[in-house]
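Trainee: I'd like a close look at the pockets in this one. Please start there, then work outward into whatever is packed and paired around them.

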Amino acid sequence: MKLATINRGGVSSVGVVERDTVLDLGTGWRRFGKGEPPADMLGLIVGGLAVLDAIREVRDGALGSKDDVSLWTPLPQLRLDAPIPRPRKNVFCVGRNYKAHIEEGARARGATPAFPTVPEFFSKPPTAVIGHEHDIRLDPKLTQKFDYEVELGIVIGRTVRDIATTGVNDAVFGYTIVNDVSARDLQTRHGQWFKGKGLDTTCPIGPWIVTKDEFGDPSGHRITLRVNGVTRQDSNTADMLFDCAAIVASLSEGLTIEPGDIIATGTPSGVALGMSPQQWLKDSDVIEAEIAGIGVLRNRVRAC
């Protein structure tokens, strides 16, 4: 299933996406469900398999009334928030996880490529998170080197620590798209990644979460990014140095990860930093981050 957080006049609710229409889960639940529906995406994830099974029953019932406008809304008529609009903790991120991206970054710095032997983690604060079609804020006083990074996002489904790679799939709820927008000059100035990657609105996530049963094996999905319709990044999740299971297992070593935690798994080559000449994001640029099996996360840059 594709599960989105829809926003109607400032009020958020969970929606089930079927092609180009969305079922408001609350409305569908009152007609086809039993008990109380989950209040939000986080509650849905915490509810586990029992809640997912109940949602499938509601969806299947509503599919028999596909022309009922009280149940189904055309997707273009809705505003989508990030699937989890305000994560309970920072979004975990993996740096330097595609070989060609490591090489392009080294070339841009005039350095010799060095490949990590373990996943390199950093994080982006909840205040950076925005949804599909939300604007990315560019402050020219802070950065002149504004970059994009399309990434596969893992959404955790249950609390784990010290998990083996063989158990990771059971701990995953689903997958989404993350755009790790980065102020490269701030990264350089501060000597670490957090500030340059933690500015407000620099963590678009969405447009929805695809449950793991529908997404399948996270390896082997095409991952691309376009700026104003021109392809900048084009790779495959099979090209990760550390796959999703290795990333989750490594992160969980001595560190508890919980339902609703999001892990961005690194970006392929093609970022502005690695181009010659470098083509940084500017006001009015439209960024489309796409992963096969999920969809397209679209955002526009707005200078302030």
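Mentor: A quick word on names before we start: helices (H or I, at least four residues) and strands (E, at least two) are runs assigned by DSSP and numbered from the N terminus. Strand 14, for instance, covers residues 203-211, and P207 lies in it. Also keep in mind that this is a predicted model.

On to the pockets. The largest pocket has a volume of about 460 Å³. Its lining is made by 26 residues, and the ones nearest the centre are R109, R184, Q187, W193 and L273. Strand 6 (91-95), helix 3 (99-109) and helix 5 (184-190) are the elements that each put two or more residues into that lining. Helix 3 gives the most, with 5 residues. As for chemistry, the lining splits into 10 polar, 9 charged and 7 nonpolar residues.

The second largest pocket holds about 210 Å³ of space. It is lined by 13 residues, with L49, D170, V172, F173 and K212 closest to the centre. Here at least two residues apiece come from helix 2 (41-63), strand 12 (172-179) and helix 7 (212-215). Helix 2 is the top contributor to this lining, with 5 residues. The mix is 5 nonpolar, 5 charged and 3 polar residues.

Now follow strand 12 away from that pocket. Strand 12 pairs with strand 11 in the antiparallel sense, over 7 bridges. Strand 11 (residues 150-156) has 7 of its 7 residues buried, so the rest of the structure largely encloses it. Which residues of strand 11 point which way? V150, L152, I154 and I156 go to one side, E151, G153 and V155 go to the other, and all of them are buried. Strand 11 also pairs with strand 17 (residues 262-264), again antiparallel, over 3 bridges. G153 is a handy landmark in all this: it stands opposite T176 in strand 12, and in strand 17 its bridge partner is A264.

That brings us to the packing. In soluble globular proteins, nonpolar side chains tend to be buried together. In this model the largest nonpolar core has 56 residues, and those with the most contacts inside it are L152, I154, Y175, W208, V248, I263 and I294. Helix 8 (residues 244-251) gives the most to this core, with 5 residues. There is also a second, separate core of 32 residues, and L23, V58, W72 and F173 are among its members. F173 is worth a second look, as it is also one of the residues closest to the centre of the second largest pocket.

Stay by W72 for a moment and look at T73, which is in strand 4 (residues 72-74). Is T73 buried or exposed? T73 has a relative accessible area of 10%, and anything under 20% counts as buried. T73 is also 5.2 Å from V22, C-alpha to C-alpha, although 51 residues separate the two in sequence.

There's an open sheet to trace as well. It has 5 strands in the order 9-19-18-15-16, with mixed pairing. Strand 9 (135-138) and strand 16 (230-236) are at the edges with a single partner strand each, so one side of each has no neighbour in the sheet. From one strand to the next, the twist averages 20°. At the strand 9 edge, the partner is strand 19 (residues 295-303), parallel over 4 bridges; I136 has V301 as its bridge partner there.

Last, some backbone oddities to click on. The peptide bond joining G206 and P207 is cis, with omega about 0°. Another cis bond runs from S276 to P277, with omega near 0°, and P277 is in the loop between strand 17 and strand 18 (286-291). R19 isn't a glycine, yet its phi is positive, near 55°. R19 is in the loop between strand 2 (11-18) and strand 3 (21-24) and counts as exposed at 82% relative accessibility. T201 isn't a glycine either and has a positive phi of about 75°. T201 is in the loop between helix 6 (194-197) and strand 14, and at 15% relative accessibility T201 counts as buried.

Terms used
Residues numbered from 1 in each chain as written. Predicted model: local features only at pLDDT ≥ 70, side-chain atom pairs only at ≥ 80, totals over all residues. Heavy atoms only, no water. 1 Å grid on protein atoms, 1.4 Å probe; cavity = no way out; pocket = protein on both sides within 12 Å on 5 of 7 lines; lining within 4 Å. Points joined across faces, edges and corners; volume = space filled by probe spheres on them. Nonpolar A, V, L, I, M, F, W, Y, C, P; charged D, E, K, R; others polar. Core = buried A, V, L, I, M, F, W, Y, C linked by side-chain atoms within 4.5 Å. Buried < 20%, exposed > 50% of the residue type's maximum accessible area, 1.4 Å probe, protein only. Pairing = 2+ DSSP bridges. Axes fitted to C-alpha atoms, helices over the stretch in contact; angles between N-to-C directions.
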